[in-house]
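Morning, everyone. Please have a look at the chain on the screen, and then we'll go through it piece by piece.

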Amino acid sequence: MRNMIERKGRPRLAWLLLLAAFAMVLAVACGGDDDDDDAGGGEVTYGKAGFKTVEIASGQPIKIGYSGPLSGDLKGIGEPIQKAVELAAKDKTIKGRTIQVIGKDDLCSADGGASAATQLLQEGVVAVVGPVCSGAVVAAQPQYEAAGITHVSPSSTAHKPTYPDRGQVFQTFLRTTYSDDIQGPAQAKFAYKTLGAKTAYIVYDTDAYGTGLRDAFKTAYEKEGGKILGSEGYEKKQTDFKAVVTNIKNAKPDLVYFAGFYSEATPFIKQLRAEMKDVKFLGGDGVKNDEFIKGAGADAEGAYLSLPSPVYTGEAYKTFGDLFEKETGIKRDASPFVAEAYDAATVIIRALEKVAEEKDGKLVIDLKKLNEEIRKTELDGASGKIKFDARGENVGGATPVSLFQVKNGAFEEIKQ
C-alpha cells in the first residue's frame, strides 16, 4: 500500500516542483515591480519604488523640484538650467493650480545631491528636474526611489545612473540627454580617425561622471587601435596640475583627453599649454561652456569638445531659444543642456496635466501614474525628439553626438 501511494504521489510532486520553479523565474524577472524589455534586447528589472498618492490643498501650488550647482565654480552650468526649468513652468496652470519650481544647490557633488534630495522631499515636490551632475544623481537615486518621486535629469551622462551597481534599475530616474556609452565611442573615433591621434593621456574627475566618461573613451579608443599612455584622476576644485602636466610631457601623447568640468579644465589647460603648445586637447560636455573660453582665454584656442546631443536646429529650438534669451538675458548656447532642461520640465508638466485629479477641493496626484505617464511621453522638444526606453534612456535622437573646436574665442561646429 505504501509503495502505491508513493508512485501515485510522485507525478503530482514533480508537477508542483515544476510550478514552483516557474514561479521563481517569474519573481526574478519581475523584481517585485514593473518589468519591460530593454531597447538593447535585454531584460530590465526594477526595484521597489515608494509610490504613493499625494494631496495638494486648495490654493496651494504644485511643486516641482530642481537640483543642480547654484553656487561655486559650476553655477555657470546650474543657473541657466534652472532658468530653463522655470521658463517651462512659467504661466502654466493645472486645474487652476500654478506650478512652483523649488531649486536646491547640490554643488554638483555626491553629498550635495543627497542633501538636495532630502530638502526637496521635505518641500513636498511631486517630481524633480535633475540632478544635473552624475555624481549627484547616483547619490540621490535611492532617496527619490524610496519616496516614489520621479526625477528627470537634463544632463547626467554617466553609465551608472541607468546601469546601477545594485543591478535593479531605478524606476524613478530618466534623462533627456544621452549616455556616455554614446559620447565616449564617438569621441574615441574622432580622436583616432579624424585627428589621427594614435596615443592619448587621460585626465579625469574621480566622480561618477569623470570615471564613467573615462571608461567609455578608453575602451572605445583602444578598440579603434589607440594606445593609452597614462591615466590620472583629480578631485573637484583642484587648481594645481603641474605634476600631472609633467607626467604628460614625459609620456609625449598625441592627445590629452579630459573627462571633467570646465572649472578644473580651465586651470589645467593653461598649465598644459605652458609646457605643451601643440598637443591636442579633447574634452566632453562638462567643458563645453562659455566659462571655459572666458577663463582659459587664448589657451582654449584649438581645443576640441563634444556634446551628447545633436546640434540644435528646427523650429522648436528656435522658439525656445528666442524665448530663453528674451526672458533670461542668457545666450541659448552659452551653457549646454538648457534645451534638455526645458524639455525635462515640459515632459513632467504634460504628465501632470494628464494624471492630476480634483477631489473635494484638493488636487490628487498618484505618483505611480505620474511615473508611468512620464515614461510613455514622446515629445518633439527644443532639444529634439524625446522618447524613453525601459532604463529611462532617451532613445529619440538619431544623431546624438556633436563636436566643436574653439576658434577665435567661440565654439565652431565640426562638420563630419
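In helix H7, the residues Lys242, Val244, Val245, Ile248 and Lys249 meet Phe268, Gln271, Leu272 and Glu275 of helix H8. Remember that this is a predicted model. H7 covers residues 242-251, and H8 covers residues 262-275. Their axes come within 10 Å and cross at roughly 45°. That makes the pair oblique. The crossing of H7 and H8 is right-handed.

Stay at H7 for a moment. Lys252 sits in the loop between H7 and strand E12, residues 255-259. What is the sign of phi at Lys252? Positive, near 55°, and this residue is not a glycine. Most residues other than glycine have a negative phi. Lys252 counts as exposed, at 66% relative accessibility.

Next, a second helix pair. H2 and helix H10, residues 315-328, pack at an angle of about 105°. Their axes are 11 Å apart. Angles of 65 to 115 degrees count as roughly perpendicular, so that is how H2 and H10 are classed. Which residues meet here? From H2, they are Pro80, Lys83, Ala84 and Leu87. From H10, they are Phe320, Leu323, Phe324, Glu327 and Thr328.

Now the sheet. It has 6 strands and is open. The order is E5-E6-E4-E7-E8-E9, with mixed pairing. Which strands stand at the edges? They are E5, residues 93-94, and E9, residues 173-175. Each has a single partner strand, so one side of each is left without a neighbour in the sheet.

Look at the E5 edge. Strand E6 spans residues 97-105, and 2 bridges join E5 to E6. The two run antiparallel. Ile94 stands opposite Arg97 in E6.

H2, which we met with H10, comes back here. This helix, residues 75-89, packs on the sheet. H2 touches strand E4 (62-68), E6 and strand E7 (127-129). The direction of H2 makes about 170° with that of E6. Helix H3, residues 110-123, lies across E4, E6 and E7 too. H3 runs at about 155° to E6.

Two backbone details belong to this region. Lys95 lies in the loop between E5 and E6. Lys95 has a positive phi of about 50°, although it is not a glycine. Is Lys95 buried, partly exposed or exposed? Partly exposed, with a relative accessible area of 48%.

The other detail is a peptide bond. Gly130 and Pro131 are joined by a cis peptide bond, with omega about -5°. Most peptide bonds are trans. Pro131 is placed in the loop between E7 and helix H4, residues 134-147.

Last, the whole chain. How many helices and strands are there? The protein chain has 12 helices and 20 strands. Of its 416 residues, 54% count as buried. The accessible surface comes to about 18,100 Å². Carbon and sulfur atoms account for 51% of that surface. Then the contacts. Take those between residues at least 6 apart in sequence: 70% of them join residues at least 24 apart.

To recap the helices: H7 and H8 are oblique, and H2 and H10 are roughly perpendicular. H2 also packs on the sheet. Thanks, and over to you.

Conventions: Residues numbered from 1 in each chain as written. Predicted model: local features only at pLDDT ≥ 70, side-chain atom pairs only at ≥ 80, totals over all residues. Heavy atoms only, no water. Pairing = 2+ DSSP bridges. Helix = DSSP H or I, 4+ residues; strand = E, 2+ residues; numbered from the N terminus. Contact = heavy atoms within 4.5 Å. Axes fitted to C-alpha atoms, helices over the stretch in contact; angles between N-to-C directions. Buried < 20%, exposed > 50% of the residue type's maximum accessible area, 1.4 Å probe, protein only. Areas by Shrake-Rupley, 256 points an atom, 1.4 Å probe, with all protein chains shown as cover. Parallel < 35°, antiparallel > 145°, perpendicular 65-115°, else oblique. Left-handed = near helix turned anticlockwise from the far one by under 90°.
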